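Trainee: Please take me through this structure by question and answer. Keep it brisk.

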Amino acid sequence: MCGIVGYVGGDNALDIVLNGLKNLEYRGYDSSGVAYFNKNNLVFKKSVGEIKNLQQKLEKTNLKKTVVLGHTRWATHGENNLKNAHPHCDKNKEVMLVHNGIIENYIKLKNELKNVNFLSQTDTEVVAQILGREISFFDDKKVVLNKFLKVLKKLKGSYAFAVLFKQFDDKIFFAKQKSPLIIGVGQNFNFVASDISAFLKHTKKVINLEDGDYGYISKKEIKIFNNGKEISRKTAIVADNFDEINIGKHSSFMEKEISEGGYAIKNTLLHLKNLDFSKLKKVIKGCDKIFVTACGTALHAGMIFKYILETKCKIDVILDCASEFRYKNFLVTKKSLCIFISQSGETADTLSCVLYAKKKKAFCVAITNVLSSRITKMVDFVVPTFAGIEVSVASTKAYLAQLCALYYLIYVFCDVLKLKKPFSVEDIFALSKILNNFCQDKNLLKIIPNFINNKSLFFVGRGQDYLLALEGALKLKEISYIHCEAFAGGELKHGSLSLIDEKSYVFSLITQKKLADKMLSNIVEMKSRGAKIILFSQFKNLKDNATYFIPLKKVKESLMPFIAIKPLQELALLCTKQKGLNPDKPRNLAKSVTVE
Ligand code: F6R
């Protein structure tokens, strides 16, 4: 959470950093700020709200700068206001610093700083003040680096820092510990940033920094140190494409990303077909228990995996959300296979579960969309998804890519354990053609005004449809701020049915024949209380049971989650648009949740 970008190069640094910040806005958009040199002084400009507010502030100044660092904030310590926005500085304005992470011992460190008038409530300012106290304007590069390391060693928690020191008007210093930070390598320019979307337009050459790395970039130099020693790190060329972070003809990134669901599946499958699974296959043969953990949408993808593996392959899976998993002391052993699903590969709760499983010597597998993420360095085996960069906070195409990778894993399980395969790879491949483009179901559009002002909306299903209902409800509540709840059809009578009345709208799903009759009984129960039923199903003969019927394309039942989720994603988007909200940036949220 929070995005940072620093650039050293040509005199359009301010523009470049502002554009970089816009591409990082998905990491947080409570406030933003930049720092740069003005004559020989360090100055900052900050603004509350989206980057465009900061841009407006800077437009009047029309500054030509060659060294700029910027930050977009997701508030953790201190409310969202101008004072708490980054950059932060020391009392003499000789150090300017932006930060992503949390300094856990900041109160202790703050108490140690005497005679300092703190301007903000943030943990970050404490670090800027300590650096200001320790480092003198007259210190040379070597001394600054040593003192920088000394200060870093005092910090507990996580950080990615980009720092300007007044005496070096051609350098940005940086440090990384448990928060993402990479270097973008250019000719006569260099970047330091939270992720590649900040600079993909300018370079595809990337150095992935490791925990404990610190150093500086200048126009022509990249110096990396770890624990006092200069080190070199490999430069990689990333495959990501700038178009992925270009909104194109779409009205929102979410709309664009929903329309890319098919590509996400196709690209993921093409890569997985060439991945060597032999290491994992050996583990599958010998493992005693399978654990799956993740958060939010990724967890919902994991639930479908568990459902199919248990019902179709008779293999038990233990699943819990990462924030619970991490404190449950599950009986993970060296014979366990632990699967972690994370689009970003940076989610703090999921990473802490990886650490737990590693301690227990389990075999750890990560399903992630970001190959340079922390999770890939922690696990024994990576199953990459290739959804492309997902900008919108609400996950859509990445969910489909996760399902794709998980279904591929089910295929691998069946192969190794000589079980009957519930679907073929070609079946999954065929889905990619169906799922491209944005359908914008006309029926869906027509009925939205009927319920858009309801206080609550309900999603109901059985079997795999209950798991889809959970994801449909999450998507809609997340971006439209309408309270949505998902129920398992059979559970309604045990309490939730009392919520249903003649004003209720219930999104119901039926994609499994064997559960259709049971679900229809639940629908009748809700209808008799006056509820309007919006039914999503491939079984057209069920139409008359619904107030509104949304037909789904028919594929193999176990593959229906791929098909059924799309209108639910679109429903969330269309409702949000009708409410005049920005679907890409829901309030209080950020895409990458790097704090607990
Ligand atoms: C919801 C959403 C979140 C993420 C969750 C996990 O639309 O995107 O629920 O799925 O925060 O994030 P990752 O997959 O990056 O670990």
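Trainee: Which residue in β8 does Ala160 stand opposite?
Mentor: Start with the terms: helices (H or I, at least four residues) and strands (E, at least two) are DSSP runs, numbered from the N terminus. Two strands pair if DSSP finds at least two bridges between them. β7 and β8 (residues 172-177) pair in the antiparallel sense over four bridges. Opposite Ala160 in β8 stands Lys176.

Trainee: What kind of model is this, and what pLDDT do local features need?
Mentor: Residues are numbered from 1 along each chain as its sequence is written, and side-chain values use heavy atoms, with hydrogens and water left out. The model is predicted: side-chain atom pairs count only at pLDDT 80 or more, totals for chains, interfaces and linings use all residues, and local features need pLDDT of at least 70.

Trainee: How many residues lie between β7 and β8 in their hairpin?
Mentor: The two strands pair antiparallel. They form a hairpin. The count of residues between them is six.

Trainee: Which residue in β7 is the bridge partner of Val95?
Mentor: Turn to β6 (residues 95-103), which runs antiparallel to β7. Nine bridges join β6 and β7. The β7 partner of Val95 is Phe165.

Trainee: How many residues of β7 are buried?
Mentor: Buried means under 20% relative accessible area, exposed over 50%, partly exposed in between (1.4 Å probe, protein chains only). Gly157, Tyr159, Phe161, Val163 and Phe165 point one way from β7, and Ser158, Ala160, Ala162 and Leu164 point the other way. Both sets are buried. For β7 (residues 157-165), the count is nine of nine.

Trainee: Which are the edge strands of the open sheet?
Mentor: The sheet has seven strands in the order β5-β6-β7-β8-β12-β13-β14, with antiparallel pairing. An edge strand here pairs on one side only. That gives β5 (88-89) and β14 (229-231).

Trainee: Which residue in β14 does Asn226 stand opposite?
Mentor: β13 (residues 222-226) and β14 run antiparallel. Three bridges join them. Asn226 faces Lys229.

Trainee: Now the charges. How far apart are the closest N and O atoms of Lys52 and Glu50?
Mentor: A salt bridge is a side-chain nitrogen of Lys or Arg within 4 Å of a carboxyl oxygen of Asp or Glu. Lys52 is partly exposed at 48% relative accessibility, and Glu50 is partly exposed at 26%. Their N and O atoms meet that cut-off at 3.7 Å.

Trainee: Which residues are linked with Glu50 and Lys52 in a network of salt bridges?
Mentor: Glu50 sits in the loop between β3 (41-48) and α2 (51-59). The structure holds 25 salt bridges. Linked with Glu50 and Lys52 in the network are Glu25 and Lys585.

Trainee: How many residues apart in sequence are the parts tied together by Lys281 and Asp415?
Mentor: Lys281 forms a salt bridge with Asp415, with the closest N and O atoms 3.7 Å apart. Lys281 lies in helix α8 (residues 278-286) and Asp415 in helix α13 (residues 397-416), so the pair ties together parts separated in sequence by 134 residues.

Trainee: Are Glu471 and Lys475 buried or exposed?
Mentor: Both lie in helix α16 (residues 464-480), four residues apart, about one turn of the helix. They form a salt bridge, with closest N and O atoms 2.7 Å apart. Both residues are buried.

Trainee: Which residues gather with Lys312 in a patch of positive charge?
Mentor: Patches are made of residues with over 30% relative accessible area and no salt bridge; like charges are joined within 9 Å, nonpolar side chains (Val, Leu, Ile, Met, Phe, Trp, Tyr) within 5 Å. Lys and Arg count as positive, Asp and Glu as negative, with His and the chain ends not counted, and a charge is placed at NZ of Lys, CZ of Arg, CG of Asp or CD of Glu. Areas come from the Shrake-Rupley method with a 1.4 Å probe, and for residues only the protein chains shown count as cover. With Lys312 on the surface are Lys314, Lys420 and Lys514.

Trainee: What is the relative accessible area of Lys312?
Mentor: Lys312 is found in helix α9 (residues 296-313). Ala301, also placed in α9, is buried at 0%. Lys312 is partly exposed, and its value is 45%.
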